Amino acid sequence: MLKKLLYENTFNQIFTQHYTRLYLYAYHLTNDAEASRDIVSDVFAKLWEDIKHIKQENVSGYLTTTVRNRCIDHFRHQQVEIQYTKEYFAEVDTFYTDYTEAMRQDILISKMLDKLPAMTRHILEECYLARKTYQQVADEMNISPNTVKKYISKSLKMLKELFGSEKDLPNGPDFTTETYII
């Protein structure tokens, strides 16, 4: 009990004597008031843990060196945060650029599909978008698989023609109908 009281008294004296000087030193190095308070608080927390082993005549050098090292750690941490922030923003930018391009292509394809006759579009959507076989589509529509095949050929030919006219427009797509639809 007496030792604990002695340690508390010693710690309070060191804190009172050195806090302001260490805060100003940290602030001079970091130019950040909040970071300086955090650094000095961490240093005093570490001092409290090691108070049993600290000699009062060495405490000033110990505290100054520890504050300087914590400031260096603070700068290293900031550099890592800056690097991760740059990488994050680059990744987000790439995602949204890709997403925007995909949306533009989806809109173009939707517009092109809207230009197809209803029956042709339905068969194309069933085969390519719903991933049904020619036989499944033929059974559902009570037509022959060859008829489905003819509609698919007809629709792909029409889409190629539409795609060619859309490609001539400004900001035309950079993809082929076959690779996107299939």
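How many residues apart are Glu101 and Arg104 in helix H3? They sit 3 residues apart, so about one helical turn separates them. Their side chains meet in a salt bridge at 2.7 Å, N to O, where a salt bridge is a side-chain nitrogen of Lys or Arg within 4 Å of a carboxyl oxygen of Asp or Glu. Glu101 is partly exposed at 27% relative accessibility, and Arg104 is partly exposed at 27% too (buried is under 20% relative accessible area, exposed over 50%, partly exposed in between, with a 1.4 Å probe and protein chains only).

A word on the model: it is predicted, with local features needing pLDDT of at least 70 and side-chain atom pairs counted only at pLDDT 80 or more, while totals for chains, interfaces and linings use all residues. Residues are numbered from 1 along each chain as its sequence is written, and side-chain values use heavy atoms, leaving out hydrogens and water.

Back to salt bridges, the count comes to 7. Arg121 pairs with Asp114 at 2.2 Å, N to O, and these two are linked with Glu125 in a network. Asp114 is exposed at 52%, whereas Arg121 is partly exposed at 22%.

As for packing, the largest nonpolar core (buried Ala, Val, Leu, Ile, Met, Phe, Trp, Tyr and Cys residues joined through side-chain atoms within 4.5 Å) has 16 residues, and Leu124, Cys127, Val148, Ile152 and Leu159 touch the most other members. H6 gives the most to this core, with 5 residues (helices are DSSP runs of H or I, at least four residues, numbered from the N terminus).

Note on methods
Helices (H or I, at least four residues) and strands (E, at least two) are DSSP runs, numbered from the N terminus.
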